[in-house]
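Please open the model in your viewer and keep the selection panel at hand. The stops below are given in the order in which to select them.

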Amino acid sequence: MGRDPDEVKITCNIEGKIALVTGANRGIGKAIVEAFLRRGVAKVYAAVRNPASADALVECYGERVAIVQLDLAKPETITAAADRTNDVEVVVNNAAVFKACTPFDASSLDALELGMQINVFGLMRMAQAFAPILRKNGGGAFVQMNSIASLKCSSSFATHSATKAASYSITQALRDLLNQQGTAVLSVHPGLIATDMSNAAALRGHAEPPSVVAEGIIAALESGVFHLFPDTMAQRIGSAYQSFAHSVIEAELSEYKNN
Ligand SMILES: NC(=O)c1ccc[n+]([C@@H]2O[C@H](COP(=O)([O-])OP(=O)(O)OC[C@H]3O[C@@H](n4cnc5c(N)ncnc54)[C@H](OP(=O)(O)O)[C@@H]3O)[C@@H](O)[C@H]2O)c1
């Protein structure tokens, strides 16, 4: 871990580190666990709702994977997981819920409420529980799985987009605050990745494998960037967004400074 004196970037090499990944049993979370193990992390805590759902990972990778029960809807499981994993150095908050819902659907308010509970309150509780642990363990990294939906709302899953916009906003605050304790913060914005969630979204277009996100995270942590647009669709949007991100999102606005 180190700070680039010119660009004030905090970098993190995952080799030899202890990591925790939420939603580790399937989809992008499982790919992150596997890529981290391939690339030399010492141990991964697979944080899952149902411990049996991560048994296959332990069978495959043995003691380098430890299963931790964590349900983002149940704050007490987040604090209990943090107590159990107080040697963790890299936290990846990947888990989320997705409901396809327009603002006019009868279930839209319920869908927004559930999405806020898991995708936003869950993120905030993860950050609250793990920030002191990351600080104690030398800084490390906090990775938040956001989305292209954080930037571009789709009317067919508007409530989901709203939760991902909110989690992106909180991630920006986490970057400011956690950087002060030497923790790298990475905001990941996948576009279309082949998982159960993208199947549920029924999007047209070529979905890329979850390993693209996992490998992208490792490289982004090594280079110390804040935004990651891992797949082809995400990169297209990310390149259009880059200038705004650089001069507004990643910049310090003098008007925002406290007196
Ligand atoms: N796939 C894409 O195209 C895409 C695009 C942009 C962003 N993303 C983001 O990438 C992340 C992973 O998505 P994915 O595509 O891999 O989805 P997925 O295959 O549907 O997996 C979702 C994961 O989240 C877990 N989860 C759901 N509710 C939870 C809760 N209350 N507490 C803890 N874990 C919970 C699930 O656990 P269970 O198995 O117990 O349900 C599962 O492990 C999400 O943040 C998603 O928004 C995905």
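The tour goes from the ligand to a helix and then to some aromatic rings. Bear in mind throughout that this is a predicted model.

**Stop 1: the ligand and its shell**

Select the ligand and display the residues around it. How many residues surround the ligand? There are 27, and the closest are Asn25, Arg26, Arg49, Asn94 and Thr195. Now colour by helix: α1 and α6 (196-201) each supply at least two residues of this shell. The most comes from α6, which gives three residues.

**Stop 2: polar contacts of the ligand**

Keep the ligand on screen and add Leu72, Asn94 and Lys164, taking them one at a time. At Leu72, look at the backbone: one of its N or O atoms lies 2.8 Å from a nitrogen atom of the ligand. Asn94 also uses its backbone, with a polar atom there 2.7 Å from an oxygen atom of the ligand. For Lys164, show the side chain, where a polar atom lies 2.9 Å from a ligand oxygen atom. Switch on the surface of the ligand next: taken alone the ligand exposes 900 Å², and the protein buries 93% of that.

**Stop 3: helix α1**

Select residues 27-38, which form helix α1. Does the length of α1 agree or disagree with what its 12 residues should span? At 1.5 Å a residue, counted over one less than the number of residues, the helix should span 16 Å; its end C-alpha atoms are 17 Å apart, which agrees. Next, show the side chains and colour by accessibility. The buried residues in α1 include Ile28, Ala31, Ile32, Val33, Phe36 and Leu37, and also Gly29 and Ala35. Step just past the helix to Gly40, which takes a positive phi of about 95°.

**Stop 4: aromatic rings in and around α8**

The structure holds three aromatic pairs. For one of them, select Tyr241 and Phe244, whose rings are tilted at 45° between the planes, with 5.7 Å from centre to centre. Both residues lie in helix α8 (residues 232-249), three residues apart, about one turn of the helix. Is each partner buried or partly exposed? Tyr241 has a relative accessible area of 13%, under the 20% limit, so Tyr241 is buried. Phe244, at 42%, falls between 20% and 50% and is therefore partly exposed. Add Phe229 to the selection: ring pairs link Phe229, Tyr241 and Phe244 into a cluster.

**Stop 5: a charge over a ring**

Finish by selecting Arg175 and Phe226. The charged end of Arg175 sits over the ring of Phe226, 5.0 Å from the ring centre.

Technical notes: Residues numbered from 1 in each chain as written. Predicted model: local features only at pLDDT ≥ 70, side-chain atom pairs only at ≥ 80, totals over all residues. Heavy atoms only, no water. Helix = DSSP H or I, 4+ residues; strand = E, 2+ residues; numbered from the N terminus. Buried < 20%, exposed > 50% of the residue type's maximum accessible area, 1.4 Å probe, protein only. Phe/Tyr/Trp six-rings, centres within 6.5 Å; stacked < 30°, edge-to-face > 60°. Lys NZ or Arg CZ within 6 Å of the ring centre and 35° of its normal. Near = heavy atom within 4 Å. Polar contact = N/O pair within 3.5 Å; in protein donor to acceptor, adjacent residues only side chain to side chain. Areas by Shrake-Rupley, 256 points an atom, 1.4 Å probe, with all protein chains shown as cover.
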